Amino acid sequence: MVSKQDEPHELDEWNQPHERDELSSPHEQVAPFGPEDPEVDELDFQDPDFPDADLQESALQHPDFPDTDLLDTEPAVRRLSPRTRRTVTVVVAAATVGLLAVGGIAAYNLGSAVLGAPDRHAAAVSANTHPAGRPSADEARTAAGAFLADWSKGDLTSAGAVTDQPDKATSALSSLHDNLAYSSLTLALAPAAAYPSPSPGDPGVSVTLPFTVTMAFPNATAAPWSYTGELDLLRTTSGSTVVHWTEGVMHPSLGPKQYLKVAANSAPPVQYTDRNGRPLDAFPSLAPILLALKSGAAPTAQPSDDDSAANGRAVVAQDPATGKAVQLYVISAPPATQAQRLTIDANLQQAAEQAVNASSLGGLPTSLVAVEPSTGQVLAVANSKGDAFNRALLGKQEPGSTMKVITAAALLEAGDQPDTNVACPEQATSPRTWKNDFTGSFPDYTLTDDFAHSCNTAFIAESLSKLTPASIPTVAKEQFGLGLTWSLAPGVPNADTTVPTPASGDGRAAAAIGQGETSNALGMASVAATVQSGTFRQPILLAGQQQVSAPGSLPKAVAGGLRTMMAATATRGTAQEPMAGLSGQVGAKTGTAENGTPTPNSWFIAYRGNLAVAAEVEHGGHGAGAAGSAVAQVLRLGNGN
């Protein structure tokens with residue numbers, strides 16, 4: 001037998017210098033505890049590798065040990081041999097997480113990465129504060145067992161008393177209990193085999209022991225939460241062995257002042273599909289729209305304080321300094337998020353992507369939008385490759401002669417008819433001199449002829465004669481919805497068409513032929529859709545999205561006259577070539593917009609049945625060319641609905 005006085009010599013490897021960082025702040029002295037302390041579960045000191053059986057027996061009879069009847073003697077947990085009786089920090093076995101799968105694994109790595117990895121040892125005391133040296137293996141495991149036993153049975157005051165900061169520990173453990181409201185808590189020291197040996201000459205003053213935590217929660221849909229933590233055991237100046245308290249005792253991802261709580265867990269990201277349930281992720285032009293939808297409509301990535309069961313619940317690590325919350329464990333999952341269908345048609349979207357890339361003429365910025373006139377639903381949005389800017393929705397280009405649709409509507413409301421004689425002179429003055437893209441004058445042209453052949457001089461002269469400065473802006477807003485604020489879907493931005501009131505004769509002349517206004521493929525597709533259906537319906541990307549209404553309505557006779565003029569353009573006018581071979585109800589208008597360079601922008605708007613399309617190609621030349629080809633390619637596919 002080895003006496004109690006001899007035991008420190010046998011266990012003096014615990015007191016050898018240690019390579020761990022020294023702990024730097026003094027700790028409060030705590031009264032020692034003895035055999036009357038609570039039961040210590042999961043401890044087995046029957047180690048066949050122990051070098052001296054008598055010493056082993058003596059250890060079991062040590063007066064500072066609790067009643068040996070309380071000790072678990074299963075061989076799975078053994079007393080440390082001298083070779084392994086040194087202090088080290090045990091790496092926590094943490095789970096790999098994104099948002100954790102329902103199941104109960106600790107999220108140490110994620111929590112540390114987001115909240116900042118806590119230094120559990122930075123606030124501990126120096127060796128000079130503890131002249132007795134580090135605790136022995138027996139002392140460390142006995143104190144750890146007492147602490148875990150008190151904590152697990154809810155005697156948090158007693159648990160706090162077995163730490164170097166009793167008040168702080170008791171308060172934090174009480175808050176943990178109240179915040180998480182767990183239904184059961186099981187704590188156990190890890191097997192002795194989990195303790196690796198320290199480096200020779202380690203000057204540390206603490207013993208680090210791993211332990212496991214298992215929590216169950218009421219109304220949980222997941223298995224209990226399990227994770228591994230660590231306890232640092234210190235010897236106080238009074239000779240007691242205590243747990244060094246930090247927030248990391250409760251969970252290894254916690255740093256100073258951080259805590260655990262239950263919150264509504266983050267719902268899975270919304271999956272967006274086309275109107276028939278087909279995925280849209282493969283279409284590059286839709287990437288900025290899908291990103292905007294997720295940012296504007298999806299739940300926040302930060303867990304919410306709303307912990308209602310309807311939303312699902314999760315344990316999160318909260319950092320009050322930054323406001324960040326990291327989800328660690330799913331108690332109950334929220335209802336599965338249904339895929340959100342957009343109004344996009346995947347077949348038309350594919351055709352639109354191919355059309356803009358073919359019409360970009362080797363890299364010219366090109367955009368296209370397709371709209372369903374009967375509903376206003378956007379069926380396709382496409383931008384040419386390499387154009388990171390969502391030009392189709394956010395562009396602000398002068399629409400050129402496609403705006404003659406609005407001018408023609410104003411003229412029809414002012415008394416003209418489609419067959420009214422409106423001569424096409426070689427030039428017009430405002431006092432600026434204006435000419436056409438073709439030579440000659442055509443005195444016998446009707447308003448329909450002027451529209452079909454895009455006679456600038458006729459539209460300028462007739463507008464200066466019969467319209468007021470406010471006529472075109474008023475018709476654009478009250479009957480076509482241009483200039484109103486549109487919302488296609490939550491979070492998805494768009495640039496609304498602008499139609500200012502001109503302040504001069506030259507300004508009025510420019511406005512009559514689409515110079516001075518700004519729009520994009522979205523806005524002009526809506527113009528074509530309004531003509532086809534006779535009613536403005538604001539374009540939307542989500543069925544059921546609120547649509548603004550135009551203050552007025554397009555008179556039936558005016559809508560009919562516009563359809564006559566657009567049909568003539570498609571069959572015998574400037575749009576004849578790209579529209580050739582398209583059957584059914586068709587109409588079109590070309591646009592060639594000046595941009596200050598020798599090569600104008602190409603515009604084309606058209607409809608075929610319940611499908612309206614607009615495209616523009618920067619520096620693409622005449623509207624019937626690059627833009628017309630793209631629109632016709634989509635119209636040929638048609639609207640399947």
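In what order do the five strands of the open sheet run, and is their pairing parallel or antiparallel? The order is E11-E10-E16-E15-E14, and the pairing is antiparallel. Keep in mind while selecting that this model is predicted.

**Stop 1: the sheet edges.** Select 378-383 for strand E11 and 586-593 for strand E14. These are the edge strands, and each pairs on one side only. With the whole sheet displayed, neighbouring strands are turned by 5° against each other on average, direction ignored.

**Stop 2: E10 against E11.** Add residues 366-371, which form strand E10. E10 and E11 run antiparallel and are joined by five bridges. For one place to centre the view, pick valine 371, which stands opposite valine 378 in E11.

**Stop 3: the helix across the sheet.** Select residues 521-533, helix H15. H15 lies across E10 and E11, and also across strand E15 (601-608) and strand E16 (612-617). Relative to E15, the helix runs at about 35°.

**Stop 4: the helix pair.** Keep H15 and add residues 556-572, helix H16. The two helices pack at an angle of about 115°, and their axes are 8 Å apart. The crossing of H15 with H16 is left-handed.

**Stop 5: the contact residues.** Show side chains for Val531, Gln532 and Ser533 on the H15 side. On the H16 side, show Leu562, Arg563 and Met566, which those H15 residues meet. By class, the residues of this contact comprise three nonpolar, two polar and one charged.

Key
Residues are numbered from 1 along each chain as its sequence is written. This is a predicted model: local features need pLDDT of at least 70, side-chain atom pairs count only at pLDDT 80 or more; totals for chains, interfaces and linings use all residues. Side-chain values use heavy atoms; hydrogens and water are left out. Two strands pair if DSSP finds at least two bridges between them. Helices (H or I, at least four residues) and strands (E, at least two) are DSSP runs, numbered from the N terminus. Axes are lines fitted to C-alpha atoms, for helices over the stretch in contact, and angles run from 0 to 180 degrees between N-to-C directions. Contact means heavy atoms within 4.5 Å. A crossing is left-handed if the near helix is turned anticlockwise from the far one by less than a right angle, and right-handed if clockwise. Ala, Val, Leu, Ile, Met, Phe, Trp, Tyr, Cys and Pro count as nonpolar, Asp, Glu, Lys and Arg as charged, and the others, Gly among them, as polar.
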